[in-house]
Amino acid sequence: MFEEQLTARADLTAGMLYAIAGSESWIYYGQVTPEKRVGFFRRRDRKLSKASDVLAAPVMSVITVGYPSITRALRSGRWKKLGRFPVVSELVAPRPSVQWPVGTLDVSVWLGDRSDHDTRVDDPAIQNMELMAIWDAEEHIPARLIADFGAEKAEWHVGGPIWRERRVKEEMAARSADQPWHQLPPDWVPTTVR
């Protein structure tokens, strides 16, 4: 945890770099994109690193994080502002995301603020795309970073990319076989273990 800052406010200006306190004393890093999403880097440390070292790491995931939750995380010491830097090249262009309405296997792929095309949730081309969702900085992001980083076993219910969201639905169906709303449709295409 970082020092509490009771008057801190989130800043979603492109280039703002944040440090995030994770479990087991790990520190993760994220930079705000031009679309006001947060790109998290495939780097974690036990002590804060220099911004130049962080920004040289590859991007791990790009997530929409709720603005009010970032403010709460800053005030509680779970997140820390490290300053504003040029946006890394991997985060400049918009990344596609997937809108998956409840009760269907048909999805829409969005690029920026417009729908690009429709497809099915099992389309191999979309498996690493992010499901449209807003994540909470304190309640969701620490578990999500564990899942994305992949070094430790993650909670089974953490989604994000389409392939993981499909695995969550399969697990829900297995755990709640007697609940009709968790049953998979007959034309469901099973995922494979990664």
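Which residue takes a positive phi in the hairpin of β1 and β2? In this predicted model, that residue is E24, with a phi near 55 degrees, and the hairpin has five residues between its strands. The two strands run antiparallel and are joined by five bridges, with A21 of β1 standing opposite I27 of β2. Strand β1 also has a partner in β5 (residues 79-84), again antiparallel and again through five bridges. On that side, I20 is set opposite W79.

As for burial, six of the six residues of β1 fall in the buried class, so the strand is largely enclosed by the rest of the structure. Side chains in a regular strand alternate between the two faces of the sheet. Here, M16, Y18 and I20 point one way, while L17, A19 and A21 point the other way, and all are buried.

Two of those β1 residues turn up again in the largest nonpolar core. That core has 25 residues, and the members touching the most others are Y18, I20, F40, V65, I70, W79 and I141. Several elements chip in: β1 (16-21), β2, β3, β4, α2 (67-76) and α3 each supply at least two residues. The top contributor is α3, which gives four. Another core lies apart from this one and holds 15 residues, including Y29, F41, A57 and L91.

W79 is worth a look of its own. Leaving aside residues up to four places away in sequence, W79 is in contact with F2, Y18, A19, I20, F40, V65, I70, A73, L74, A137 and I141. W79 also belongs to an aromatic cluster, together with Y18 and F40.

On the ring-ring side, the tally is four aromatic pairs. One of them is Y28 with F149, an edge-to-face arrangement with 6.1 Å from centre to centre and 75 degrees between the planes. Y28 sits in strand β2 (residues 27-32) and F149 in helix α3 (residues 141-149), so this pair ties together parts that lie 121 residues apart in sequence. Y28 is buried, at 1% relative accessibility.

Charged groups get in on the aromatics too. R46 places its charged end over the ring of W26, 3.7 Å from the ring centre. K169 does likewise with W100, lying over the face of the ring at 4.8 Å from its centre.

Next comes R37: buried or exposed? Its relative accessible area is 9%, and the cut-off for buried is under 20%, so R37 counts as buried. The residue lies in the loop between β2 and β3 (38-45). Beyond residues up to four places away in sequence, R37 touches Q31, V32, V62, I63, T64, R95, S97 and E130.

V59 is another buried position, at 12% relative accessibility, and belongs to strand β4 (residues 59-63). Its contacts, not counting residues up to four places away in sequence, are F40, F41, V88, E90, L91 and R95. For one of these, L91, the C-alpha atoms are separated by 7.9 Å, with the two positions 32 residues apart along the chain counted as their separation. L91 is also among the members of the 15-residue core, and R95 is a contact of R37 as well.

Further along the chain is helix α4 (residues 162-175). With 14 residues, α4 reaches 20 Å from its first C-alpha to its last, close to the 20 Å expected at 1.5 Å a residue. Its buried residues are I162, W163, R164, E165, R166, V168, E170 and A173. The elements covering them include β6 (96-99), β9 (130-131) and α3.

Finally, S176 is found in the segment after α4. This serine counts as buried at 15% relative accessibility. Apart from residues up to four places away in sequence, S176 touches H182 and Q183.

Terms used:
Residues numbered from 1 in each chain as written. Predicted model: local features only at pLDDT ≥ 70, side-chain atom pairs only at ≥ 80, totals over all residues. Heavy atoms only, no water. Phe/Tyr/Trp six-rings, centres within 6.5 Å; stacked < 30°, edge-to-face > 60°. Buried < 20%, exposed > 50% of the residue type's maximum accessible area, 1.4 Å probe, protein only. Lys NZ or Arg CZ within 6 Å of the ring centre and 35° of its normal. Contact = heavy atoms within 4.5 Å. Core = buried A, V, L, I, M, F, W, Y, C linked by side-chain atoms within 4.5 Å. Expected span 1.5 Å × (residues − 1). Pairing = 2+ DSSP bridges.
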